Each structure stands twice: as C-alpha cells, then as structure tokens.
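Grab your viewer and let's work through a couple of exercises together. Try each task before you read its solution.

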Amino acid sequence: MTARPNTQAAHVRAWPSDALAAYGTQVVAGVYVGCVLFAPWLGHGVLALAAAGTGAIVVWNARDSWRAGRRSALAVAAWPPAHLLVMAAEGPAGPALPVLAAWAVLLAFTQPVRSASVRAALATLLVAVVAAWAGNLSLGGGVETVLAMVSGGVLGGVGRHLAGSMEGKARQLERILEDARAGRTDPLSVAVRRSEEMSEAVEEVRARLGAERAVLWDVIEDGARARPRIVAGETAPPTITLNGDPLRWVWEETLPLRLDVPPVWALPETRMSAISILGGSDRYALLTVEWHPDGDVAVSLQALQDVARYLRALARLQIRETAADAARTRFAEMLDFVRQLPGEMDPETFPDALAQTARAVVGATGALVASVENESGRVLANVGEDGGPAVGAYFGPMESDCGWVIRTRTRMPRLRTDSHGQRPIVANGERWHAQPRAVLALPLLDPKSEIRGILAIWSSQADDLDSDAVKLLEVFAPVFALQLQHAGDLVKLRERVTADALTGLHNRGAFDERLEAEQQLFLRYRHPAALIVADIDHFKRVNDTYGHEAGDAVLRMIGEVIEGTVREVDYAARYGGEEFVVLLPDTMRAAAIDVAERLRAAVEARTVVWNEERIQVQASFGVSACTECVDTPAQLVQSADDMLYRSKEAGRNRVTAALVGRDEE
C-alpha cells in the first residue's frame with residue numbers, strides 16, 4: 001500500500017512567500033530579461049548598475065531562504081546579477097569571468113550532481129548567446145567561459161565530496177563515542193567495522209535504485225524525533241521532529257510510503273520513498289530514498305521492499321552479533337572475577353568486589369551483598385551512587401525484598417505492596433539519592449540449596465535489567481555462595497583467634513595490633529585518641545572466697561558491662577587477668593573520663609549471684625589521652641596504667657586521669 005499526502009501543504013521552495021519578496025523577485029526577473037534583450041544598446045555603466053541592484057534584491061531575499069535551509073534556491077537566484085556583471089565587464093572574456101567560476105562552485109555545492117550539470121550547461125550556452133547578440137563574443141572568450149564553468153563545477157563537486165566525507169566521518173565518530181559513553185557499544189574497532197559495513201550496504205542500495213540519497217534513520221526519544229545515522233549520496237539531512245512529518249506514519253504503521261511532494265528537509269526537486277527497517281527499534285528504524293524523476297529513474301514499491309529486506313536482515317545480524325559480543329564480554333568479566341576468588345578471601349573485600357562485578361556485568365546503577373544466617377541477614381556491601389541500604393543493616397524474613405528471598409529461596413523482583421509505596425529492598429529507613437526503577441534480589445544458594453547470602457541489583461535509569469546478565473549471575477550463584485560462606489567462616493576463625501574466650505572481648509594480642517594501627521594513623525593524620533585501663537578491686541579475694549568459677553563469672557560480667565557501654569568504634573579487650581583496656585579513637589580527655597565514670601558506676605551497680613550468694617564487685621580506672629596527656633598513642637598504656645595505680649592507692653573504686661600537659665606531679 002502506498003500513501004500519498006495532501007500536496008496542498010507543500011512548501012514553496014524557490015523563494016520566500018511574503019509579498020515584498022515576491023515583488024523583488026519580479027523586479028529582478030524583469031530587469032534581467034530587459035538587459036538581455038537590449039544588451040547591444042546598453043552601456044557598461046547601465047549593466048553594472050543593473051547588476052548591483054538585482055544583487056541587492058537577491059541578498060535581501062536570501063535571508064529567509066538561508067534560515068529555512070533552502071540553500072539550493074540561492075544558487076539559482078544568484079545567476080541574474082552574476083550574468084549582468086559579466087555583461088557589464090565586456091563579455092565572458094572580461095575581468096568578471098571568475099564570477100562565473102564562483103557561481104559554478106556555489107551551484108555544485110548546493111545542487112544534486114545531475115541538476116548542477118544541466119544548469120551549468122544551460123548557463124554556459126546562455127552566456128555565449130547573449131555575448132554573440134551583444135557583439136562581444138570571441139572564440140577565446142567562449143573557450144574561457146566553458147573552462148570557467150567546468151573548473152568551477154569540478155572544484156565545487158570536490159569540495160562538496162570532501163565536506164560530505166568529513167561530515168560523515170564526524171557523525172560516525174560522534175555516534176561511536178556517544179554509544180561508548182552510554183555503555184551500549186562494543187570495543188571501538190568492532191563498532192567501526194559494523195558501522196562501515198552498514199554504510200557500504202546503504203551505498204549499495206542507493207546505487208541499485210539510482211537514487212540521489214539514501215538515509216538510515218534512528219527514531220529517538222520515544223518516537224519524538226528521527227536522527228540520520230547513515231547517509232549515502234548527498235549531504236546529511238538534519239535531525240527532524242516526527243510530529244507533523246510523514247515519517248511518523250511510516251514508523252507507527254510500519255508500511256511503505258511514497259511522496260511526490262517530499263518534506264522540506266528532502267533534496268530539492270526530488271521524490272521520496274520511505275519504509276520501516278526495524279519496527280519498535282531505536283537503531284536503523286527507517287530508510288528513506290530520494291531520487292529525481294528525470295528519465296527512467298523511479299523507485300518502485302517492490303524494489304523498495306527488496307532493499308528493505310536486505311538491510312533488515314543485515315541489521316538483525318548485527319544486533320545478534322552485538323548481543324553475542326556483549327555476552328562474551330560479560331562472561332569474560334565474570335570468569336576474571338571467579339579466578340581472583342582465592343585471593344579475595346578477606347571478608348572485607350569479597351562482598352564489595354562481588355557487588356562491583358555484578359553491577360558492571362548487568363549494567364546496573366547499584367548493587368548490594370548481604371550475608372544470611374539463622375533466617376536473618378546483614379548488609380556487607382553497597383556500591384553505586386544511588387544510596388539505599390546502609391552497610392551493617394540487619395533484616396529478617398518477610399519484611400523486605402531481601403527478607404522474602406530468605407523465606408522463599410527464590411529470586412525476587414521489585415513489587416509494589418500498597419498505595420504508600422514500594423517495599424524496601426532491605427529494611428525501612430533506606431535513604432535513596434535516586435529511586436530504583438528496576439530491582440532484583442537473588443539468593444546465593446550453595447550446592448546443598450542452603451542460602452548463604454543475597455545479591456541485589458537495581459537501576460535508577462532503566463525499567464528493566466539485562467535478563468541475559470542476570471542469568472549469568474544465577475549460574476555463578478553457587479560459587480558466590482560458597483565463597484561467602486568461606487568468608488564468614490574466616491571471620492569466625494579470626495574472632496576465635498583474636499577474642500578472649502571467657503569474656504568475648506578482644507585479647508591482648510589483638511589489642512596490641514590495634515594500638516599499633518592507631519599509632520600509624522596518628523603519625524599520618526594526627527587524630528586524637530584516649531585509653532581507659534580498668535582493674536577489678538580485690539579480685540583475688542573473690543577467687544579465694546568463692547572459687548575460680550565464681551571469679552570467671554565476675555570477669556564475664558565485666559565484659560558484658562564494657563561491651564554494653566562503649567561505642568561500636570571503640571576497641572575493648574581483656575588485657576590480662578582481671579585487667580581490661582578500652583581504646584577510644586578520636587576522643588578527648590574529658591570525654592574519656594565520662595566513659596570511665598559510666599563504666600565504674602555500671603560495674604558497681606551489678607552483682608554476681610554465685611551459689612545463692614551475691615558478690616559485690618567494684619573496679620578502679622586510669623585514663624590518659626593523646627595529645628593532651630602524652631605525645632603518641634604508643635605511650636597511652638603506660639600513662640593510663642600509672643593512673644590506675646593512683647586510683648588503687650587513693651582507695652579504689654574511682655577514676656584517675658592523667659593531667660593535661662603531661663605534668664603528673
């Protein structure tokens with residue numbers, strides 16, 4: 001089926017449409033014809049004045065044509081003043097001969113090849129006839145005229161070809177870079193190869209149909225505009241708005257269309273046919289073909305459908321190749337990550353590395369990894385700029401997307417729960433900088449189908465996630481689950497090595513390592529730190545009176561008090577026997593004294609019941625701070641320990657702090 005739009009809406013292409021411009025056109029035509037007819041009797045001055053006047057009118061009218069993009073009309077309009085100037089300069093052999101060459105250049109730049117050749121030949125013949133009529137034509141002048149026209153046309157054609165070639169290469173490079181920035185493209189060499197392959201196919205189509213120009217268009221912005229991606233033949237048309245353009249009908253109905261009166265962006269004096277290449281696609285969506293209806297050239301519906309099938313098959317092949325290349329790239333990225341797993345056993349690095357890899361493979365904007373144990377989960381890593389669940393956040397079954405994964409052991413897409421909004425990914429209170437539009441939470445099941453963790457991915461830019469990439473993540477999920485389990489086991493092993501078995505606090509070896517790390521941080525950043533040293537008063541009396549098991553119960557109680565009082569960033573340890581230490585990073589002396597007082601009061605308020613007897617416990621404390629009391633963190637232990645013994649000497653159950661300025665006398 002071929003649709004023909006209403007030709008009454010066609011634009012006037014040669015001249016501006018307002019009355020003043022039309023009157024000026026009539027004046028130019030009248031003056032030109034009169035000068036040609038009366039050339040033998042007109043003086044050079046009159047002809048020069050006529051050339052200047054008609055040139056001024058043409059320049060005035062040219063403003064609208066230039067803004068409207070009808071530059072081919074300017075070359076035609078420039079002929080009368082150019083010819084009059086040649087006549088005023090004593091014919092074609094005069095000093096104005098370069099004007100003819102310049103006009104030929106303008107004609108070749110703005111007209112199709114066939115149209116420019118015909119107009120240049122007619123102009124040459126007209127110059128010769130008028131010069132012979134005026135009596136100033138010689139054989140040499142005629143030869144010079146022909147040479148000027150030919151050389152000017154060749155120069156303009158070469159310039160137009162170079163400009164079109166450079167413009168095409170610039171467009172091609174712009175497309176490649178745009179795709180690379182958007183993450184839609186293959187490696188640069190592959191993208192160039194495919195673009196060149198399609199360009200050659202479009203040029204072959206143009207040559208086969210005998211058309212002046214063939215264009216493959218991308219339909220962009222949800223059908224709002226069409227952008228020329230590959231152009232064969234003439235210079236590229238501009239990006240167009242589809243609303244009100246015949247191409248919208250072709251894109252929406254996926255039917256061919258022939259226009260005897262083409263749109264304003266088409267080549268002048270041409271007819272145009274258009275057909276859909278890939279319906280619903282944003283690549284190579286439309287093909288337009290423009291041709292001059294001279295001679296036997298005509299693009300039939302059958303020929304258009306044949307070339308469309310050819311381009312459609314090539315485009316689909318390229319799409320499949322692109323998908324295959326993307327799949328190979330994703331698989332290679334995943335294999336590289338899996339090969340690195342033996343070196344990623346550190347629980348602090350593996351979850352983050354897994355989230356980063358999953359985000360890159362899927363092309364998502366964010367991802368998180370959570371561990372699962374005893375039907376509850378904890379976020380270990382969150383990557384991306386979208387915000388969301390905080391690292392360290394806990395969640396249970398059924399309260400969020402990840403909670404549903406714990407209960408169901410199956411993948412969970414984002415679901416709307418009620419009119420109040422969406423269910424959280426992990427837990428209520430998530431702070432998002434950009435709300436996710438597509439979310440998927442995957443269970444990490446080991447080979448025994450035990451859930452070890454959750455991998456959640458989301459995108460704040462797309463409505464769907466790459467299904468092939470998600471399937472790839474699911475294939476490797478058992479490997480990630482085992483690695484996550486190994487990382488968790490390593491955490492527990494480290495805790496057993498660094499923890500005090502009786503109180504659950506860190507042991508002395510772990511504390512010494514932490515103090516050394518604090519020393520190195522201080523040397524680099526000069527951050528303050530404080531230390532509290534505590535010792536149970538009369539602990540030997542407890543052991544002698546109630547036995548060592550009762551003494552162990554007292555030590556456990558002290559550990560519970562310390563763990564429940566200090567901050568999460570503080571580092572508490574059993575230093576040895578009945579002595580405990582608490583390292584307080586970024587803490588000044590006054591704040592450390594307050595913490596020590598709270599610890600002392602909490603210990604005094606607690607009792608240990610042993611064999612139905614209540615054991616009252618008290619402790620003494622020493623406090624020191626860097627840099628108020630000592631110069632470096634390495635000196636804190638000795639300084640705080642000295643203050644502890646002063647508390648003992650002063651009667652016990654008290655807090656003593658080193659003086660500011662390190663003056664302890």
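Two exercises follow, one on ring pairs and one on charges over rings. This is a predicted model, where local features need pLDDT of at least 70, side-chain atom pairs count only at pLDDT 80 or more, and totals for chains, interfaces and linings use all residues. Residues are numbered from 1 along each chain as its sequence is written, and side-chain values use heavy atoms, with hydrogens and water left out.

**Exercise 1.** Work out how the rings of Trp217 and Trp265 are arranged, and where the two residues sit.

*Solution.*
- Start with the criterion: rings of Phe, Tyr and Trp (its six-membered ring) pair if their centres lie within 6.5 Å, and planes under 30 degrees apart are stacked, over 60 edge-to-face, the rest tilted.
- Trp217 and Trp265 come out at 5.0 Å centre to centre with 65° between the planes, an edge-to-face pair.
- Next, place them: Trp217 is in strand E1 (a DSSP run of E, at least two residues, numbered from the N terminus), while Trp265 is in the loop between strands E4 and E5, so the pair ties together parts 48 residues apart in sequence.
- Finally, check burial (under 20% relative accessible area, 1.4 Å probe, protein chains only): Trp217 is at 0% and Trp265 at 10%, so Trp265 counts as buried too.

**Exercise 2.** Find which rings the charged ends of Arg208 and Arg508 sit over.

*Solution.*
- The test is CZ of Arg (or NZ of Lys) within 6 Å of the ring centre and within 35 degrees of the ring normal.
- For Arg208, the ring belongs to Tyr310, with its centre 5.7 Å away.
- For Arg508, look at Tyr575, whose ring centre is 4.2 Å from the charged end.

Key
Helices (H or I, at least four residues) and strands (E, at least two) are DSSP runs, numbered from the N terminus. Buried means under 20% relative accessible area, exposed over 50%, partly exposed in between (1.4 Å probe, protein chains only).
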